[in-house]
Amino acid sequence: MNITFNPYNSYTTSNRCNPRPQAFTGKYDNFCTWVGKNVSRRLFDNGFIDGIAGKVQGKDNAIKFFLIGGSALTSGVYMQQTLINKKMDKDRKKTLAVNQFLTFLLSTAGALLLDKHLKTWWDKKKDQFFDLKVPNAEDIRNSMKQMNEKIKLKNEKIADADKEPLYKLGSYLEKFGKKHFLNEDDYKAFMTKYKGFGELRSIIVFAMVYRFLVPLMVTKPANFLCDKYLAHKKAKDSEKLQQAELKPQGSNIKTAA
Amino acid sequence: MNIQPLNYNFTRKHRLKSDYGQANPNYKNKSVDLCGQENKRGNISFSGGQEQSVAAANTFMGKILKSSTFDWLTKFSGNHNIASSALISLFLAGFLRPAATVALPGKKDKDDKIYAAGHSMASGIMGFGFSTIITSPLDTGSHFMLEDGKKRSKEDFKQLSQDEIRKILAEEYRMDEKDIQKCIDENNAEKIIARKFDKGIKKITTRTDRINELQRKLKGTLTDAERAAIKKEILSLESRIKAFDVTMKNVVDWGIAIPRAALTIALIPPILKYVFHLEKGKGKKTPVPVETTSEVAMNAANDTQGISNFMKKSMNDFAGGQR
């Protein structure tokens, strides 16, 4: 009697990464290749980009520095718009611009702090994500441990400066993960998700702080201050108007007298 | 009785616990910690299920992590950093924030709140649309160039022996023997292993070539210290390539930040008009002259109460219609 097991049951196939290629049409693919060959190469293959890469190299979630940079530019544009606004008083323009700058600084500091504090929790969730998505997670962890033990033994004989760093799950998967997956597509698809999971932390934290928490917190005081300013302006205007009205009235009275 | 797995080498991936234990007595009773806790969890069963991780999957967080939406989100964020950031901003700034802003207590500043909500929606929509349209093809194109740049150069490929090619296809590209044979028979190995474009992104290709050179050195006889130094250099080069990839993907955000901010400001009036049915300036100014004219008319005509009420009503209706 022959029994054939099918290991590609629903569990395996749903949890192993999708081996099918992305559903791009051929034309879009060709367009992207063209963009890569002609645009990306010209835009990025230079010392400036390489210099930035050198500065963010080895940093945890380098993406956050770009988010901060983008936000700084956007804030800068708004600040510049405020400063060149002809309708506002000079002093108020400066105060508002300084306010915008301080808001940017505070929210960036808050976001960085939140991002740092979330890291440990998020990394645990990343491990859980790895366990849920990869059926042979335990095998991978074991071989990583074995490899680290070998490196530890080697490191004992070498001077501190030359010591080889131990592998963490992420770095191990990047270097040796391929051999644990069925095929290259599976591996690449999973690694994209794994990398995306890590980056999602900074993306969510910064979007939450820049685009939700701070603007919402600022709305009420801003409206209050705006109302005060408008009331003040109105009072000033009415004063002026009254003075303007009083003058001709006074002259009338005088002539009448 | 013969039991055959179907096209699947389960000795490497899905071993029975008994097999695994016999092969590695050290790991027989060891459990692997899940989420940092020393939970005892079983090995992977033959059917591919993980018994113990089912418990983890049933928690609220586990359900989120397993959901297809989250799966898609991680994939999207891995592939398109800026667009995924814009997508989350779209949800927060385009939906959650306007709702929260309008729901804030205080009736006096209703128009200001609506204006703030309109600005928020405009920035959310503009940010997502603009970022996605511009960065998505650029991301895919850059990724394509990166993957191509990380391959061996054509010169390197020529130096490889037949055995080395087989080894690379098996280890790095996870191919079966059948596929490898087919690949070699059809002379496709070069297409797979070597770069398509020699004129790729040089900052990546030169570093990859250096890594390959160092790896060839590693195969020779070296002292432990030399070996460690070479490995360190390889790690540094690899991390630089990784950083370059992140930079390529994200630096575009700086380029599009200024036009995006300008377009956001331009998009506020149509959002206020079509979503909130309010036009900034007009909405506030129109009732003022209406009221004054009605009062003037009332005073001048010295009409009865009924007619003035009728006037007020009709004028208010008129003002409402204009909004």
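## Close-up views of a predicted two-chain model

**View 1. B:Arg152 and B:Glu172 pair up in chain B.** At 16% relative accessibility, B:Arg152 counts as buried, because the cut-off for buried is under 20%. This is a predicted model. B:Arg152 shares a salt bridge with the side chain of B:Glu172, at 3.4 Å from N to O. Both residues sit in loops: B:Glu172 between helix H8 (162–171) and helix H9 (177–185), B:Arg152 between helix H6 (110–149) and helix H7 (154–159). The two are 20 residues apart, and the pair links distant parts of the chain. B:Glu172 is partly exposed, with a relative accessible area of 30%.

**View 2. A salt bridge joins A:Lys175 to B:Glu238.** The closest N and O atoms of the pair are 3.6 Å apart. This contact crosses between chains. A:Lys175 belongs to helix H7 (residues 169–176) of chain A, and B:Glu238 to helix H12 (residues 224–250) of chain B. What is the accessibility of A:Lys175? A:Lys175 has 33% relative accessibility and counts as partly exposed. B:Glu238 is partly exposed too, with a relative accessible area of 28%.

**View 3. A:Asp115 meets A:Arg201 in a salt bridge.** The N to O distance between these side chains is 3.1 Å. A:Arg201 lies in helix H8 (residues 184–256) and A:Asp115 in helix H5, so the salt bridge ties together parts of chain A that are 86 residues apart in sequence. Is A:Arg201 buried or exposed? A:Arg201 is buried, at 2% relative accessible area. A:Asp115 is buried as well, with a value of 1%. The pair belongs to a network of salt bridges that links A:Asp60, A:Lys64, A:Asp115 and A:Arg201. Over all chains, the count of salt bridges comes to 22.

**View 4. The surroundings of A:Asp115 include A:Ser202.** A:Asp115 sits in helix H5, which spans residues 90–133 of chain A. Its side chain makes a polar contact of 3.1 Å with the side chain of A:Ser202. Leaving aside residues up to four places away in sequence, A:Asp115 touches A:Lys64, A:Arg201, A:Ser202, A:Val205 and A:Phe206. A:Asp115 has a relative accessible area of 1%, so this acidic residue is buried.

**View 5. Four residues of chain A form a nonpolar surface patch.** The patch consists of A:Val98, A:Phe101, A:Leu102 and A:Leu105. Together they have about 350 Å² of accessible area. A:Val98 is part of helix H5 of chain A. This valine is partly exposed, at 48% relative accessibility.

**View 6. Two cysteines, A:Cys32 and B:Cys183, are buried.** A:Cys32 has 2% relative accessibility. For B:Cys183 the relative accessible area is 5%. How many disulfides does the count give over all chains? The count comes to 0.

**View 7. Chain B comprises 16 helices and 1 strand.** Of its 323 residues, 41% are buried. Consider the contacts in chain B with a separation of 6 or more: 64% of them involve residues 24 or more positions apart. The accessible surface of chain B is about 18200 Å². Carbon and sulfur atoms account for 57% of that surface.

Technical notes
Residues numbered from 1 in each chain as written. Chains lettered and ligands numbered in written order. Predicted model: local features only at pLDDT ≥ 70, side-chain atom pairs only at ≥ 80, totals over all residues. Heavy atoms only, no water. Helix = DSSP H or I, 4+ residues; strand = E, 2+ residues; numbered from the N terminus. Buried < 20%, exposed > 50% of the residue type's maximum accessible area, 1.4 Å probe, protein only. Contact = heavy atoms within 4.5 Å. Areas by Shrake-Rupley, 256 points an atom, 1.4 Å probe, with all protein chains shown as cover. Polar contact = N/O pair within 3.5 Å; in protein donor to acceptor, adjacent residues only side chain to side chain. Patch = residues over 30% accessible without salt bridge, like charges linked within 9 Å, V, L, I, M, F, W, Y side chains within 5 Å. Disulfide = S-S within 2.5 Å.
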